[in-house]
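Me: Could you take me carefully through the site around the ligand and then through a charged pair?

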Amino acid sequence: MQPSIIEMIYSQRQEIIDRWKEEIQHFSDNEFSRSLPSEMYNETNVEFVHLIIDTLELEQSEAKEKLRQFVERFIHTGWPLSFFTQGMQAFRRVLLETMTSQETINSKKVFETFYEVESWIDGIINQLVDEYSGSWENTLHLQKLALKELSAPLIPVFEKISVMPLIGTIDTERAKLIMENLLEGIIEHRSQVVLIDITGVPVVDTMVAHHIIQASEAVRLVGAECILVGIRPEIAQTIVNLGIDLGKFPTRSTLRKGIETGLELTQRKIVKISSDEFR
Amino acid sequence: MSVQSNVEVRTEWGIVSARQAGRNLAKEIGFSSVDQARITTAISELARNIYLYAEKGEIIIEAVEEIHSTGVKHGIKITAKDKGPGIKNIRQVMEDGFTTSGGLGAGLPGVKRLMDEFDIDSVAGEGTEITTIKWNS
Ligand SMILES: Nc1ncnc2c1ncn2[C@@H]1O[C@H](COP(=O)(O)OP(=O)(O)OP(=O)(O)O)[C@@H](O)[C@H]1O
Ligand SMILES: [Mg+2]
């Protein structure tokens, strides 16, 4: 940016800041700002506007880094992006107004000044948007990972016995995960019996049934036994109506019965012991 | 009572929305939980067929009634419409176990058994329209 413009901004620094503060009053009354203590809101405004003006003196890379560090703090505490973009837009208005009200600038210079100020401000807005969207993408990525882990967990409940509780709709993506997690988990936990609990699956259509059948066949191929538990009565009826034969598949009505069967299959059982055996 | 809902099916989310809409209306009409499960499953089959074989289409869900000397019969009507490849041999696709996608081939014959009335209208190269009704007894 031309030194003369920078000089001009610096010489009117206080006036610009004051007018900016007035300007942002117009949109400061929103749900977000009301949720904050007003000193905090005002302090952030002041810090932000000073930072912007200070970056004029810095090298571009240094300025970017400073802005990045500043914004990062606010992204994590949930400040809306609009707080900054609206602030920048107001800043641009104020700056251009202040500058053009000066008699010293001739009309040819006005155009140049406009152009320089615009591209400076646009650069900052773009960076703000980039920092925010980068952080959103990151969050989305982490949430997807978390969902992936949650969507088909295999839990080793006893030695040799694991349970996969399925809750919610099963789509193709999830069906793939079920298969992967089952096979990996069986090896990892050395399971001999796995119980797939479908109590929380709202609809068992032919696709879901097909995936469950395939999964349980694969389980058998790696040397374990698969038991389907938690088939609700209405689901049992629709499966029969669909003409799907689950006759070949071990099923138990509840998870508890399934675990009992799992223990039997691994030559164990749960017994009640009398109180004098406690000693 | 919400008279009719149209759900566009072009992703797996569309299948879930269609099912949701069907379950809500079935509940409003007063179907038992077993019938609600039947209706939702039938919608799931039809919507998934659209997604798999026609790529996109729509599911229309509406309440219907029929007046008899003994009173009014309430039901739910599901229409699955697409402009996909159509079905050449309708008798074949209604056989248990017939599939062109490596599925169970249980969808269409299953829907027919889950519901009370069932009708396929399909022209090869033009599309498919399947209409099915369940009455609340
Ligand atoms: N909307 C459609 N458009 C074109 N072809 C269809 C359509 N719906 C079904 N078909 C054909 O009919 C066949 C049988 O359908 P059906 O739903 O009974 O079984 P599937 O989809 O193959 O397997 P499943 O439903 O058991 O998972 C399909 O494989 C497909 O070739
Ligand atoms: Mg099908």
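Reply: The questions below go through the ligand site and then the salt bridges.

This is a predicted model, in which local features need pLDDT of at least 70, side-chain atom pairs count only at pLDDT 80 or more, and totals for chains, interfaces and linings use all residues. Residues are numbered from 1 along each chain as its sequence is written, chains are lettered from A and ligands numbered from 1 in the order in which they are written, and side-chain values use heavy atoms, with hydrogens and water left out.

Me: Why is the site of ligand 1 shared between chains?

Reply: A residue counts as near if one of its heavy atoms lies within 4 Å of the molecule, and 20 residues surround ligand 1. The site is shared because the residues around ligand 1 come from chains A and B.

Me: Which residue has a polar side-chain atom 2.8 Å from an oxygen atom of ligand 1?

Reply: A polar contact is a pair of N or O atoms within 3.5 Å. G105(B) offers a polar backbone atom 2.9 Å from a ligand 1 oxygen, and L108(B) has a backbone N or O atom at 2.8 Å from one. The side-chain atom, 2.8 Å from a ligand oxygen, belongs to N49(B).

Me: Which residue forms a salt bridge with R93(A)?

Reply: A salt bridge is a side-chain nitrogen of Lys or Arg within 4 Å of a carboxyl oxygen of Asp or Glu, and by this rule there are 17 over all chains. In one of them, the closest N and O atoms are 2.6 Å apart, and the partner of R93(A) is E23(A).

Definitions and conventions:
A polar contact is a pair of N or O atoms within 3.5 Å; within protein, one must be able to donate a hydrogen and the other to accept it, and residues adjacent in sequence count only if both atoms are side-chain atoms.
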